[in-house]
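This report introduces a protein structure to a reader who has not met it before. The sequence and the model are shown first, and the description follows.

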Amino acid sequence: MRPPRKWGATALPSALVVGALVALSGCSSDAPQNTLQPEGQMARDIKNVLIAPGLIAVAIGVAVYAVIAVIIVKFRRRSEDEIPKQVHGNTVAEISWTVAPAVLMAVTGVFSVQALQKVYDEPPNAYEITIIGHQWWWEQRYPMPGKDKLESTLGLAPDRADVAAAEEENREPKMLANQVLEKDPVVVNANELVIPAGRNIRLTIASHDVMHNYWVPKLNGKIYAVPGKLNYLTLMSDADDAGKTFYGQCAEYCGTSHANMRFKVKVLAPADFDTWIQRQSETVADPAADTPAARGMAQFSANCSSCHNVDPSQPTDGTGGKIGPNLAHIGSREHFAGAIAPLTPQYLKQWLDNPQKFKPGSKMVIGELSDEQIDDLIAYIQHLK
Ligand SMILES: [Cu+2]
């Protein structure tokens with residue numbers, strides 16, 4: 001009789017094959033968040049600093065395993081009573097395996113620190129945008145058309161509790177991400193960052209609630225969005241990237257729908273960007289009377305405007321109960337709800353039917369709507385171009 005096959009004999013190789021396939025799928029050449037396909041100088045600097053030490057590490061790994069293999073064979077025990085030659089220390093060997101890695105680490109370190117500086121340095125003549133992380137979507141605040149800098153407050157308000165202490169210590173007060181000064185006009189949109197191609201974009205990153213992390217792998221490294229603190233990151237696409245879209249993702253676990261906290265970066269030619277920001281700064285005219293969109297607007301005032309602005313100059317600052325994204329030009333966007341779904345009637349219907357089912361944990365809480373109400377609301381959303 002044949003002995004029963006051991007389970008482990010097939011399980012281990014199968015697990016290795018499946019594991020390798022899963023790991024390799026991350027290398028797909030068209031993966032939207034592939035760090036190895038940089039589309040801007042900062043991401044390229046990061047890739048370079050990743051590749052060289054990576055190759056050296058692989059070479060060292062191969063060499064070490066080769067030596068281990070040789071030693072296992074050459075110095076194996078040949079008979080039961082054989083005792084190997086006893087060795088007590090080898091000064092040359094010990095010094096070399098201490099010094100060689102130290103030198104290697106120091107050299108890699110120099111390149112890493114250089115790259116880090118390039119990646120996080122403040123560039124001259126940058127276009128400024130403020131990014132606010134909300135559970136589970138991103139808000140963008142742009143300077144008014146024709147300007148490339150936000151006013152001194154960067155679209156954020158000082159922490160009143162800190163103003164007196166700051167004056168005493170002769171420093172700027174801490175900034176709050178969730179309030180905006182009236183004297184600092186901005187153009188607001190959500191989930192879709194739009195930038196001019198080939199220009200340094202200086203992002204000021206803040207959070208409205210918990211810690212988030214802003215990451216567009218093809219354009220730069222990641223940076224934390226921390227409540228009560230401002231962080232900075234520069235993004236720059238290549239000059240010939242106009243028309244391309246890159247994908248980003250919140251990279252710090254921030255609650256139930258963390259995985260659904262994605263966003264897009266749309267790159268426009270500089271002239272197209274000027275047209276876009278001008279259009280974004282204007283409020284969309286009301287729909288013609290007696291159309292589905294007009295009925296949708298009435299529904300919107302009754303059920304939605306307590307949480308959503310449609311005036312593009314109004315950030316989501318949490319005051320007045322408005323906690324949702326600014327929907328001023330939502331109809332011109334391609335995705336919604338943390339850029340997880342295409343902005344089509346089919347998906348909007350599912351969203352308005354049950355936001356929590358569509359996006360677990362979503363803070364959009366609404367009553368039940370009839371099919372007719374939903375259709376009218378969708379017509380209004382599409383009207384907001
Ligand atoms: Cu997150």
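A nonpolar patch is made of residues with over 30% relative accessible area and no salt bridge, whose nonpolar side chains are joined within 5 Å. In this predicted model, a nonpolar surface patch of about 730 Å² is formed by Ile56, Ile60, Val64, Tyr65, Ile68, Ile72, Val73 and Leu104. Helix α2 supplies the largest share of the patch, namely seven residues. One of the patch members, Ile68, is located in helix α2. Ile68 is partly exposed, its relative accessibility being 38%.

**Overall description**

The protein has 385 residues, 38% of which count as buried. Its secondary structure consists of nine helices and 14 strands. Among contacts with a separation of 6 or more, 66% involve residues 24 or more positions apart. The accessible surface amounts to about 21,700 Å², and carbon and sulfur atoms account for 60% of that area.

**Salt bridges**

The whole structure contains 13 salt bridges. Three of the pairs are set out below, with the distance between nitrogen and oxygen.

| Acidic residue | Basic residue | N to O distance |
|---|---|---|
| Asp45 | Lys118 | 3.5 Å |
| Glu139 | Arg141 | 3.2 Å |
| Asp371 | Lys349 | 3.9 Å |

The salt bridge of Asp45 with Lys118 has one partner in helix α2 (residues 41-74) and the other in helix α3 (residues 91-120), so it ties together parts that are 73 residues apart in sequence. Asp45 is buried, with a relative accessible area of 9%, whereas Lys118 is exposed at 51% relative accessibility. Helix α2 thus holds Asp45 and also contributes seven residues to the nonpolar patch.

In the pair formed by Glu139 and Arg141, both residues are buried.

The salt bridge between Asp371 and Lys349 ties together parts that are 22 residues apart in sequence, because Asp371 lies in helix α9 (residues 371-383) and Lys349 in helix α7 (residues 345-353). Lys349 has a relative accessible area of 29% and is partly exposed.

Salt bridges also occur as a network: Glu192, Lys264, Lys266 and Glu334 are joined into one through shared partners.

Terms used
Residues numbered from 1 in each chain as written. Predicted model: local features only at pLDDT ≥ 70, side-chain atom pairs only at ≥ 80, totals over all residues. Heavy atoms only, no water. Helix = DSSP H or I, 4+ residues; strand = E, 2+ residues; numbered from the N terminus. Buried < 20%, exposed > 50% of the residue type's maximum accessible area, 1.4 Å probe, protein only. Contact = heavy atoms within 4.5 Å. Areas by Shrake-Rupley, 256 points an atom, 1.4 Å probe, with all protein chains shown as cover. Salt bridge = Lys/Arg side-chain N within 4 Å of Asp/Glu carboxyl O. Patch = residues over 30% accessible without salt bridge, like charges linked within 9 Å, V, L, I, M, F, W, Y side chains within 5 Å.
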